[in-house]
Amino acid sequence: MSATIEGDVDSTPHSQDRSSQQEAAHEVNNEKNVQQVDNQADDNHHPATENGENSRANDTNEKQNGPLHRRSTIKDKFKEKKDKLKTKAKPPGGFDPTPIPDAPPGFTVKFTFHRAENLPVGDISTGTSDPFLTATLTTSLPKRHKEDPDLVYRTRTDRKTLEPHWEQEWIVANVPSSGFKLKCRLYDEDWPDHDDRLGHVTIQVPRISEDWEGFSPPGNIFEVKKRSGSKRAYILKACTSAFIKDVTMTPRLYLSAVVLGKSDPPHGQMYTVGPTYYFKHFSPMIGRITGAKVNRDEDDDSNSHDPDAAASTSHNSGKQAEKKAQKYDFQANEIQLAGPVPSRLYHRYVEFRPIIGILFRGRGLRGKILNKALHHQHKRIYNFDRHTNWGTFEACTEQATLQFLKMAHFGEGAQLYTYIITLDGMMRFSETGPQFSIQFLSKHTLHSDAAIYVACSGEFFVRKLKKEEETEETEEAEDIEASAKDSPPAKPQDYQLIIDNDSGTYRPDKSVLPDLKKLLEHNFPGLDIVTLGCDDPKDQELKKAQLKLKNQDGHTINMVLNRSPSASSFSSDDISDLEDMDRARGAGRKSKKERAWDLLEDPRRIRHQTDAEPSGSGVTT
């Protein structure tokens with residue numbers, strides 16, 4: 001009670017003190033204002049004291065209100081311009097030194113995709129489907145960047161069946177003990193239309209160890225979820241099942257998974273161990289337009305590798321064998337390398353133009369359209385149809401080397417290839433060269449399917465090491481002339497792979513070429529591998545010599561497409577292409593697709609180009 005009374009008594013003097021303090025503060029401020037006016041008047045008569053007093057006033061203001069805004073001088077503008085030039089000369093991207101995250105030892109798991117049954121009809125005309133499966137593996141293992149892709153595996157396509165039997169294995173290393181999530185998607189291959197979805201199966205395992213029982217062969221049975229499947233396919237299946245008793249509409253997938261043991265380091269990197277396999281994709285229409293000729297069947301490649309077999313086939317079948325060799329086809333190749341990919345092989349796309357970042361990340365309307373168009377172009381080149389060749393080979397053996405040489409046609413025709421290697425060791429490549437009108441089809445962006453990070457990219461060619469006499473030793477590689485007309489020898493040791501880092505899209509660093517050589521030598525034993533930097537004069541000389549050989553062999557294509565460099569693809573000459581486009585503006589005649597992309601980038605360009613273009617049109621051949 002007394003405390004409360006004391007508080008009431010003391011409240012009045014405190015309020016009076018505050019009011020008196022405020023009045024005193026106002027008087028002090030007034031005196032300061034008067035003194036400041038007097039000081040300003042005195043400053044006109046005493047300029048010598050101006051700097052000291054103003055500097056102290058500025059320091060006080062900066063402490064109270066932060067640094068004062070200063071006008072940009074010519075020196076500041078020059079510095080900003082210089083910084084922009086530095087950024088343009090070294091745009092973000094290229095080699096990324098981010099290390100692989102640390103992780104405890106993981107386990108090697110073997111997945112086996114046995115078969116599926118009771119699938120719906122995807123092709124009404126045949127009453128069957130062309131089913132295949134894609135599996136995506138995700139774990140809690142940290143990634144170097146969130147843009148790093150998950151591991152994906154695709155089975156071959158089983159033709160005209162509703163009960164496919166794949167019996168394909170997929171061995172993955174460094175699966176963490178915290179388990180994994182495996183999502184299997186079933187499709188009906190329907191080229192050139194979109195593949196029809198037949199459903200999916202999601203398998204979640206919370207924990208694995210060396211004692212994990214797993215799913216033993218012949219595999220567990222998993223019901224396929226129909227929700228994500230094609231409505232048309234399941235409506236048709238419902239109609240056919242309505243008249244048959246004891247028939248379920250739910251498809252089933254047979255899958256097994258077992259632990260093989262602990263994985264080798266690096267434990268923070270999950271990768272495909274095997275089995276190694278390949279896909280050869282063919283595009284007859286593109287091949288006829290570009291004049292590209294390849295052997296469609298793998299037997300033809302084997303015959304061309306073995307002179308005795310080639311002579312035997314030619315003698316028995318006569319003109320039929322020659323007709324096969326002359327078939328037009330543009331070939332795109334995929335070959336799975338045995339991992340792991342060296343950690344230093346890690347490169348991001350180079351954002352040397354703002355449109356590049358929009359394209360790769362698919363941001364905004366323009367980015368989504370360009371990104372979708374690029375994915376469409378990738379699927380068009382790496383298309384899966386009834387002509388696609390698939391096979392397996394024993395990893396890190398001469399058989400693997402011979403398979404790679406077959407896909408590169410043993411260097412016949414002096415062909416030059418562009419390539420990319422994904423983070424999981426998938427190598428994709430196709431023919432390129434300035435004498436081909438197919439250059440826009442072989443850009444690194446198309447090979448990578450607009451992947452933000454890849455292991456490495458560039459160009460390569462294969463040539464045969466020629467011996468002057470059988471008794472003489474083989475000369476050094478740089479002094480040997482390759483000949484595309486000679487029949488291929490029977491040993492990988494007689495071939496040389498010259499590979500570089502010539503890629504404007506990802507700009508691989510020259511310092512990682514030894515790591516690239518180590519990876520290729522591990523996967524292709526017996527093959528003489530030479531790695532060169534794209535800025536090495538020797539690399540340019542060898543490419544010019546390769547082009548000269550191609551012209552001598554009569555494979556030149558005299559065809560000019562009515563187009564300029566495409567904005568959807570970027571290769572070793574990406575920057576010069578884009579700069580030529582910027583300088584050309586309306587000069588020349590562009591395709592409808594390019595004009596549409598120009599419209600997305602700057603709608604005013606179309607009006608200027610329409611006014612500048614002549615009334616006639618046509619293709620020069």
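**Exercise 1. Find which backbone oxygen of threonine 98 or serine 343 lies 3.3 Å from a polar side-chain atom of arginine 144, and place this arginine in its surroundings.**

Step 1. The 3.3 Å distance belongs to the backbone oxygen of threonine 98. The backbone oxygen of serine 343 also lies by a polar side-chain atom of arginine 144, at 3.0 Å.

A word on the source: this is a predicted model, where local features need pLDDT of at least 70, side-chain atom pairs count only at pLDDT 80 or more, and totals for chains, interfaces and linings use all residues. Residues are numbered from 1 along each chain as its sequence is written, and side-chain values use heavy atoms, with hydrogens and water left out.

Step 2. Now locate arginine 144: look in the loop between strand E3 (131-138) and strand E4 (151-154). Strands here are DSSP runs of E with at least two residues, and helices are runs of H or I with at least four, numbered from the N terminus.

Step 3. Check for a charged partner. Arginine 144 is buried but has no salt bridge, and aspartate 148, the nearest side chain of opposite charge, is 4.8 Å away. Buried means under 20% relative accessible area (1.4 Å probe, protein chains only); a salt bridge needs a side-chain nitrogen of Lys or Arg within 4 Å of a carboxyl oxygen of Asp or Glu. Lys and Arg count as positive, Asp and Glu as negative, while His and the chain ends are not counted.

Step 4. Look for a ring. Arginine 144 lies over the face of tyrosine 346, 3.8 Å from the ring centre. The test is CZ of Arg, or NZ of Lys, within 6 Å of the ring centre and within 35 degrees of the ring normal.

**Exercise 2. Work out why phenylalanine 404 and phenylalanine 524 count as a stacked pair.**

Step 1. Recall the rule: rings of Phe, Tyr and Trp (its six-membered ring) pair if their centres lie within 6.5 Å, and planes under 30 degrees apart count as stacked.

Step 2. Apply it. The centres of phenylalanine 404 and phenylalanine 524 are 4.6 Å apart with planes at 20°, so the pair is stacked.

Step 3. Trace the chain. Phenylalanine 404 belongs to helix H11 (residues 398-407), and phenylalanine 524 to the loop between helix H13 (513-523) and strand E20 (528-532), 120 residues apart.

Step 4. Check accessibility. Phenylalanine 404 is buried at a relative accessible area of 0%, and phenylalanine 524 is buried at 1%.

Conventions:
Phe/Tyr/Trp six-rings, centres within 6.5 Å; stacked < 30°, edge-to-face > 60°. Buried < 20%, exposed > 50% of the residue type's maximum accessible area, 1.4 Å probe, protein only. Polar contact = N/O pair within 3.5 Å; in protein donor to acceptor, adjacent residues only side chain to side chain.
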